[in-house]
Amino acid sequence: MSLQPNQDNQSRTEDTSRTQEEDSEDVTGDHDPHFEPIIPLPDEIVVCTGEEDETVLFNERAKLFRFDADTKEWKERGIGPFKLLYHPQNETYRLLLRREQVHKVVLNQRITPDFELQPMASSDQAWIWAGMNYDEGTAKLEKLAIKFKNCELSQSFKKCVDGIIPKVVEIQANKSGVSDNIPITVQNLSISSKSDSYDPTNEADEDDDDDDEEDDDDDRSVMFTKRCTLSEQVNGQWNHVCIGDLQVYYDSEMYGARISIICDDGEIVSNTIIGANTSMQIKDKECWWTAVEWATVDHLQWRTLKVTFSSTMAAEEFHSNYMEGLNYAQEANIIDALPNDVEGN
């Protein structure tokens, strides 16, 4: 009889222990849940940007613009890190800009020997250039502008580009037969000098003032500009005239195009009209044509002129702008002739 209480106590102790263990398991389960994933997680994914083997020569935040030749307006492409990259193995240089946050590529352009930066007339913080942009996998010929936060960054980029151009020229000269794989750049697309002087980044730019200034000094639209050597045919021989800047521009008063040449001393030595009857020949780096000379209004005369460029690419671009001017002349019925000839007709 004396063993009965001990058995009851032992039973109660065992029940209490089991209850405490169950409570302990419940508490532990509430604070440390564990669920097996329905779908196994993949291993860590390594994202390749294509820049892994390249050296960063320049990297600053900037805003990119593209010039729309149809509307004659600058259009913003995006803000992000603007890089100048060098690939040691391929010996290539390129410009790259990805939009912030979304990382979409809006600029991917190879630097070629004739790459040239042009300053934006109204801003010392921006540069303009043209070339083949491979931003979406296909090449597009675009006029582009880049705007930095301050002048110091702008000049730093210009200095970096000026430093690599001689190297690009040397690399290109040592690589025969690879030019077909390198994007071709051109110097100028259809763009008005007023658009050059207009700073598109003044609008809705968080880093700049909101004051906009208009430049009405020159409303003509510059289609092409390039350095050249000018010659004139006299008695069957080509005589050297000067070295200077050639410009093809749209004259809104006549709804046609003109060819203007300014020598290095500032003198306008030629200003001719592209008429429906204007014929231009091209061979290698040279283009020649015959037109009425309007640079000296008091002494109008027919002249046969020839311009020689530094590359066949520049000559071809000039000739294509002549063809565009020819279309203008045909649409507006512009005939290049001496005033007396027109009156006589």
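This report describes the nonpolar cores, the aromatic ring pairs, one helix and one buried acidic residue of a predicted model.

**Two nonpolar cores**

The largest nonpolar core has 27 residues, and those with the most contacts inside it are Phe 82, Leu 95, Ile 111, Trp 129, Ile 146, Phe 148 and Phe 157. At least two residues of this core are supplied by each of the strands E1, E2 (73–87), E3 (92–98), E4 (105–110), E6 (126–133) and E7 (140–147), and likewise by helix H2 (151–174). The largest share, eight residues, comes from H2. Ile 111, once its neighbours within four places in sequence are left aside, is in contact with Leu 84, Tyr 93, Arg 94, Leu 95, Ile 164, Ile 165 and Val 168. Apart from the largest core lies another, of 25 residues, which includes Phe 224, Leu 246, Phe 318 and Leu 326.

**Aromatic pairs**

The model contains 15 aromatic pairs. Two of them are set out below.

| Pair | Distance of centres | Angle of planes | Class |
|---|---|---|---|
| Phe 148 and Phe 157 | 5.6 Å | 45° | tilted |
| Phe 309 and Phe 318 | 5.5 Å | 55° | tilted |

Both pairs count as tilted because an angle of planes that is neither under 30 degrees nor over 60 falls in that class. Phe 148 and Phe 157 are both buried, and the same holds for Phe 309 and Phe 318. Ring pairs also link Phe 148 and Phe 157 with Phe 58, Phe 82, Phe 115 and Trp 129 into a cluster.

**Helix H4**

Helix H4 takes in residues 312–332, and its 21 residues should span 30 Å at 1.5 Å a residue, which agrees with the 30 Å between its end C-alpha atoms. Its buried residues are Ala 314, Ala 315, Glu 317, Phe 318, His 319, Asn 321, Tyr 322, Gly 325, Leu 326 and Ala 329. What covers these buried residues includes the strands E9 (221–234), E10 (237–251), E11 (256–263), E13 (280–283), E14 (286–293) and E15 (301–308). Just after H4, Asn 333 takes a positive phi of about 55°.

**Asp 68**

Asp 68 is found in strand E1, which covers residues 55–68. Is this residue, Asp 68, buried or exposed? With a relative accessibility of 11%, Asp 68 counts as buried, because the cut-off for that class is under 20%. The side chains of Asp 68 and Lys 75 are joined by a polar contact of 2.8 Å. Leaving aside its neighbours within four places in sequence, Asp 68 is in contact with Glu 73 as well as with Lys 75.

Terms used
Residues numbered from 1 in each chain as written. Predicted model: local features only at pLDDT ≥ 70, side-chain atom pairs only at ≥ 80, totals over all residues. Heavy atoms only, no water. Phe/Tyr/Trp six-rings, centres within 6.5 Å; stacked < 30°, edge-to-face > 60°. Buried < 20%, exposed > 50% of the residue type's maximum accessible area, 1.4 Å probe, protein only. Helix = DSSP H or I, 4+ residues; strand = E, 2+ residues; numbered from the N terminus. Polar contact = N/O pair within 3.5 Å; in protein donor to acceptor, adjacent residues only side chain to side chain. Contact = heavy atoms within 4.5 Å. Expected span 1.5 Å × (residues − 1). Core = buried A, V, L, I, M, F, W, Y, C linked by side-chain atoms within 4.5 Å.
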